[in-house]
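Q: I am new to this structure and would like to go through it step by step. Could we begin with its pockets?

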Amino acid sequence: GSRLRFAEKWSLHFDTGIRFRDGYIKEKTQYFVRPGIIYQASKKVQIFGGYAFFSTSQWLNGYEDVFRPEHRYWNFITIRESFGRFEIRHRYRLEARWQQKFKSG
């Protein structure tokens, strides 16, 4: 993913990807885009939120050429704790998913 800081405590986040099966580029199984925004609440706390769109092949269900769209709202918080040279990051994530139903044919 990429981040673009536009203010002291605010950044934009963007992530995209495509997944294939069996190692062949022609067998696309999923693609997604995931934009979001990040707020740096303190040196130790970051708050993220955004939207994601996924489109996933239904080939495992026997429908080679059918892709099911999915919309997601996501947010999470990251809390960092430092202990000398070591750091621990706690991540708490909440995600809501809406998948479109489809019928054979």
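A: Certainly. The largest pocket holds about 180 Å³ of space. Please keep in mind that this is a predicted model.

Q: Which residues line the largest pocket?
A: The lining consists of Arg 3, Gln 40, Lys 43, Lys 44, Val 45, Gln 46, Phe 48, Phe 76, Thr 78, Arg 80, Arg 89 and Arg 91. The elements that give two or more residues to this lining are β4 (45-58), β5 (63-83) and β6 (86-99).

Q: And how many of the lining residues are nonpolar, polar and charged?
A: Six residues of the lining are charged, three are polar and three are nonpolar.

Q: Let us take Gln 40. Where is it found?
A: Gln 40 belongs to strand β3, which covers residues 28-40.

Q: Is Gln 40 buried or exposed?
A: Gln 40 is buried, because its relative accessible area is 19% and the cut-off for buried is under 20%.

Q: What does its side chain make a polar contact with?
A: The partner is the side chain of Gln 46, and the polar contact spans 2.8 Å. Gln 46 is also among the residues that line the largest pocket.

Q: Which residues does Gln 40 touch, leaving out those up to four places away in sequence?
A: Gln 40 touches Lys 9, Val 45 and Gln 46.

Q: Now Arg 3, another name from the lining. Which strand is it in?
A: Arg 3 is in strand β1, residues 2-5.

Q: Buried or exposed, and why?
A: Arg 3 is exposed, since its relative accessible area is 52% and exposed means over 50%.

Q: What is Arg 3 in contact with, beyond its neighbours within four places in sequence?
A: Arg 3 is in contact with Leu 12, His 13, Ile 38, Gln 46 and Phe 48. Of these contacts, Gln 46 and Phe 48 also appear in the lining of the largest pocket.

Q: How far apart in space are Arg 3 and Pro 35?
A: Their C-alpha atoms are 9.9 Å apart, while the two residues are 32 residues apart in sequence.

Q: Changing topic: how many helices and strands are in the protein chain?
A: The protein chain has zero helices and six strands. From the N terminus on, the order is β-β-β-β-β-β.

Q: What share of the residues is buried?
A: Buried residues account for 27% of the 105 residues in the protein chain.

Q: And what about contacts between residues far along the sequence?
A: Taking contacts between residues at least 6 apart in sequence, 39% join residues at least 24 apart.

Q: Back to strand β3. What can be said of Tyr 31?
A: Tyr 31 is found in strand β3 and is partly exposed, with a relative accessible area of 33%. Not counting residues up to four places away in sequence, Tyr 31 touches Gly 17, Ile 18, Phe 53, Phe 54 and Ser 55. Tyr 31 and Thr 56, 25 residues apart in sequence, are 6.8 Å apart from C-alpha to C-alpha.

Q: And Ser 82, which strand holds it?
A: Ser 82 has its place in strand β5. Ser 82 is exposed, with a relative accessible area of 52%. The C-alpha atoms of Ser 82 and Lys 44 are separated by 9.0 Å, although the residues lie 38 residues apart along the chain.

Q: Finally, what is the average confidence of the protein chain?
A: The protein chain averages a pLDDT of 86, and 87% of the residues score at least 70. Confidence is lowest in β5, at a mean of 87, and highest in β6, at 92. Where pLDDT is low, predicted coordinates should not be read in detail.

How values were computed:
Residues numbered from 1 in each chain as written. Predicted model: local features only at pLDDT ≥ 70, side-chain atom pairs only at ≥ 80, totals over all residues. Heavy atoms only, no water. 1 Å grid on protein atoms, 1.4 Å probe; cavity = no way out; pocket = protein on both sides within 12 Å on 5 of 7 lines; lining within 4 Å. Points joined across faces, edges and corners; volume = space filled by probe spheres on them. Helix = DSSP H or I, 4+ residues; strand = E, 2+ residues; numbered from the N terminus. Nonpolar A, V, L, I, M, F, W, Y, C, P; charged D, E, K, R; others polar. Buried < 20%, exposed > 50% of the residue type's maximum accessible area, 1.4 Å probe, protein only. Polar contact = N/O pair within 3.5 Å; in protein donor to acceptor, adjacent residues only side chain to side chain. Contact = heavy atoms within 4.5 Å. pLDDT = per-residue confidence, 0-100.
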